[in-house]
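Let's take a walk through this one, starting with the overall build of a chain and ending where two domains touch. Keep the structure open as you read.

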Amino acid sequence: MTSLDDQAADVNDAIDTLLSQFPPSRTDAKAFWGAQFDAGLAWVDFPKGDGGLGVSPSHRELVSRRLAEAGAETWNTTANILGIGMGAGVLVTHGTQDQRKRWLRPMFTMDEIWCQMFSEPGAGSDIASLATRAVRDGDEWVVNGQKTWTTLAHLSKWGMVVTRTDPDQPKHRGMTYFIVDMEAEGVDIRPLYQITGEAEFNDVFFDDVHIPDDQRIDDVGAGWRVVMTTLMNERVAIGGRTFPRSDGAVGVAMDVWNESGSGDVATRRELARLWGEVEAFRLTTLRAAENMQAGVPGPEGSTAKLAWADLNKEVTSFTVSMLGFDGATIPEGYSLDPTTYDTREVERVMSPQRAFLRARANSIEGGTSEIMRNILGERVLGLPGEPRVDKDLPWKDVPRG
Amino acid sequence: MVEIITFTRTEEQAMLAATVRELLESTADMDSVREASLSNTAIDRAVWNGLAQMGVLGLHIPEEYGGAGYSFVETAIVFEELGRRLVPVPLLSSVIAAAAVLAAGTESQRAEYLPAIASGERIASLAIFEDPHDLLEIRTEAARDGDGWRISGVKRYVTDAPHAEVFVISAATDDGVGLFVVDSDTQGVTVAASPSLDATRPLGEVVLDSVFVHADAYLGGEPNSGAVRKALDVGVVALAQEQAAGAQRCLEISVEYAKNRFQFGRAIGSFQAIKHMCADMLVAVEHAKSAALHAARALDDADESKIAVPLAKSVCSDAFVKASGDTIQILGGIGFTWEHDAHLYLKRAKSTSLLLGSVDSYRDRLADAIGI
C-alpha cells in the first residue's frame with residue numbers, strides 16, 4: 001500500500017487530467033460525471049473500474065474540494081444521494097462484478113435515480129421486524145408488502161429493498177436484500193404528504209412484484225448484514241459533512257433578529273448562546289473530518305446526527321418566536337404537492353415557519369434521536385444494551401403492530 | 001473572517017500531554033485534592049514544584065522573559081491535564097497575571113517580573129475585581145505621592161490570594177484605570193482567604209491601606225484597559241480547557257458507574273434513562289472540547305479571538321455545569337456524599353462559570369462579535 005501522500009499525488013494527477021480533458025465550463029454535467037466516473041474520481045476509494053482509484057477514503061474530501069473549486073457540477077451527489085451516498089457503498093461491498101458494472105455508472109451520471117426501502121408501517125425504529133415478504137419462484141422472487149418513508153421513490157429507477165424470506169428464523173436472520181426496478185409491474189408509488197404539505201416521501205406497495213434473482217444482493221438470509229452496511233454509509237455521509245460558519249438555520253435566525261429591530265437583551269443573548277452551540281457543533285464536524293483524514297477517528301465523529309437534530313429544532317423554533325405575531329402565519333401557505341426533482345436540485349428558500357415544521361423530522365428520519373442515543377451509549381461509551389425479549393424467537397412468533 | 005481549522009496535536013504536544021499526565025498520576029491523587037478542599041488555602045506543592053521543574057509554568061511567556069515562547073496551545077494542554085484532576089495549583093492566577101504584565105508592562109517591567117513567574121519562583125495573581133456583578137467597577141484609587149503612588153482599596157474574588165506573593169492590581173488614577181504590581185508583603189497589604197465554593201481554587205480579599213509603591217510598579221506608566229481584557233481572555237481560554245477536561249472526566253465517572261452499578265438485576269447503564277443522559281453528556285463534551293481547543297488556537301489572532309473566546313466561555317461553562325450535575329444524578333446517593341469526587345467537579349464547574357465574568361456578559365460580547 002502506498003503512503004497517503006503518494007496517493008494524494010495520484011489523485012491530484014487524475015483530477016488535473018480530468019479537468020483539462022473535460023473543462024467544467026464547456027462540458028455538459030452528465031458528460032462530466034461520466035468522465036469523472038471513468039477517471040476513478042466518483043468514489044475515489046472504490047476499486048479501479050468501479051468509479052474509484054483504490055485509495056484511502058480520506059481522499060474523497062480532496063476530490064470534492066478540488067472539483068468544487070474548478071466549478072464542476074457536483075449536485076448529483078445530493079440529487080441522487082440515496083444511490084451515490086448509500087447504494088454505491090452497498091454495491092461495492094456486497095455486489096457482484098456484474099451488478100457493479102450494471103448500476104454504478106448510470107447512478108453517478110444521474111441517468112438512474114435510486115431510492116431505499118427499509119421502513120414499513122409496522123417497522124420503524126425496529127427495522128429488523130419488517131414484514132414485506134419475498135418468496136422464491138424459480139429464477140425469480142415474488143414480493144408482497146408495503147414500504148414507507150421512501151424518499152425519491154416517485155423519481156427512481158431502482159430501489160434497494162430488504163424483505164423477509166424466512167419467517168421461521170429470528171428476526172435478524174431470514175431477511176434478504178434486493179435491487180428492485182421501480183417501474184416493474186405491481187409497484188405502486190403514492191405520495192406521503194407531510195407536516196409542510198409537500199411530499200418528499202412515498203408509500204410504496206408491492207403486489208406480486210417479480211425480481212430476477214440476479215438482482216439479489218449478497219446471500220439469501222444475509223439481508224441484515226447489507227442493511228448495516230447501508231446505514232453505516234449513511235452515518236459516515238452525515239458525520240463527514242462540514243459547513244461554513246453561520247450557515248443554514250442559524251444564519252436565518254441572525255437575519256430575522258437583525259431585521260426585527262428589537263433591542264431585547266435577553267433575546268439577543270439567547271441567540272448568541274444558540275449561535276455558539278451551533279458553532280461548537282460546526283467545529284466538532286471539522287475536528288471529526290480532520291481526525292478521520294488523519295486516520296484517527298474518535299467519538300467526535302459519531303455525535304453529529306444527534307447534535308444537529310436537537311440544535312436545528314431549537315434554532316428554527318427560536319427563530320419563529322422572534323417573528324412575534326408573524327410567527328403565527330406561514331407565507332407559503334399549505335398545498336399538497338409531491339416534491340419535484342427541480343426543488344431538490346437547487347436549494348429551496350423556505351420561510352422560517354416552514355423550516356421550523358420541517359425540522360421536526362430531523363430527530364426522526366435516518367434513526368430517531370432515541371436510537372442515536374442508544375448507539376452512542378452502547379457503541380461509543382460501551383454501556384450494556386437493553387435486554388431483548390424478541391432476540392431468539394422466530395420472527396413469526398414476535399408480537400408486532 | 002479568519003478560519004483556524006486544525007485540531008490535531010503535533011508529536012511534541014502529545015509528548016507534553018503525556019509527561020504532564022505522568023507527573024500528575026505519580027504526585028497528585030484525589031485524596032490530596034479532597035484534603036485541600038477542606039483547608040481552602042492548600043496548594044499541592046509537590047505538583048507545583050514538579051511543573052516548575054518541567055518548565056511548563058511559563059510555556060506561553062516569551063523566551064526573552066524566561067518562558068518557552070510557545071503558542072497558547074501548549075499551555076492549554078497543561079490546563080487540560082490539571083482540569084481533569086482538579087489539581088490545586090495556582091497556574092491560572094500565574095498565567096493571567098503574566099498576561100497582564102506582558103500586555104501592559106514596559107520592556108524593563110516585563111524583564112523584571114516575568115522570569116520569576118515563568119519559573120514558579122513567585123506566585124502571582126491578578127487582583128482587579130471589587131463588585132460581584134460588574135467587572136470594571138473600580139473604587140480602588142491610586143494617587144501620586146512623591147516618586148511613587150499611594151493605593152487604597154479592597155480587591156475581592158482574587159484567585160489564589162492566600163498564597164500569592166505578588167499581585168497585579170487595578171486602581172483608578174486621575175487619567176484612568178491603571179495596573180500596578182504590588183508585593184504581598186508590602187506594608188499596608190492585608191490578605192484574607194474567603195471560603196470558596198470550589199475550595200480547590202482558593203479565593204481571597206486583598207485590602208490595600210495606603211500602600212506605597214514606586215513609580216516603576218505602574219505597568220506601562222499609563223492606563224491600559226486593553227491589557228486587562230487580554231489578561232481576562234487568556235484566563236477564560238485556560239479555564240475553558242479545564243471545563244472541557246472536567247466535563248470529559250465527569251462523563252468517564254458516569255459511564256464507569258453505570259456499567260458497574262446493578263439495580264433491578266441489570267447494570268443501570270442498560271436503562272435508557274441513564275444511557276441517554278450519558279449520550280447527551282458525550283455530545284456536550286465533544287462540543288466543549290472543540291470550542292476550547294479552537295479558542296486556544298485562536299487566542300493570539302486579534303479577529304478570531306473576538307469570537308473564539310466568548311464562544312468557549314459560553315459553550316464550555318454550560319457543558320461542565322450540566323455534565324457535573326448529571327454525574328451526581330447518575331451516581332445517586334453516593335454522588336451526594338463528601339467521600340465521592342463528584343461534588344468536587346460540580347463545585348469546580350459552577351464556580352468556574354462565574355469566574356472572570358458571567359456567562360451572560362460573554363454572550364453579549366459574542367453577539368457583538370458576530371454582528372447581531
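Chain A has 13 helices and 10 strands, and bear in mind that what you're looking at is a predicted model. How far does the C-alpha trace of chain A span along its principal axes? About 75 × 55 × 45 Å. Its radius of gyration is 22 Å, and since a compact globule of 401 residues would come out near 21 Å, chain A agrees with that expectation.

Now look inside chain A. Buried residues account for 40% of its 401 residues. As for the contacts, take those with a separation of 6 or more: 69% of them join residues 24 or more positions apart.

Over to chain B, where the domains are worth a look. Domain 1 runs over 11–119, domain 2 over 124–224 and domain 3 over 226–370. Measure from centre to centre over C-alpha atoms and domain 1 of chain B sits 22 Å from domain 2 of chain B. The contact between these two draws on 24 residues from domain 1 of chain B and 21 residues from domain 2 of chain B.

Which helices build the domain 1 side of that contact in chain B? At least two residues each come from α2 (30–39), α5 (91–104) and α6 (107–119) of chain B. The largest share belongs to α5(B), with 9 residues. Check the chemistry on this side of domain 1 of chain B, the one touching domain 2 of chain B, and you'll find 16 nonpolar residues, 8 polar ones and no charged ones.

Notes. Residues numbered from 1 in each chain as written. Chains lettered and ligands numbered in written order. Predicted model: local features only at pLDDT ≥ 70, side-chain atom pairs only at ≥ 80, totals over all residues. Domains from an automatic or database assignment. Contact = placed C-beta atoms within 7 Å. Helix = DSSP H or I, 4+ residues; strand = E, 2+ residues; numbered from the N terminus. Nonpolar A, V, L, I, M, F, W, Y, C, P; charged D, E, K, R; others polar. Rg over C-alpha atoms; globule rule 2.2 N^0.38 Å. Buried ≥ 20, exposed ≤ 12 C-beta atoms within 10 Å, placed from the backbone.
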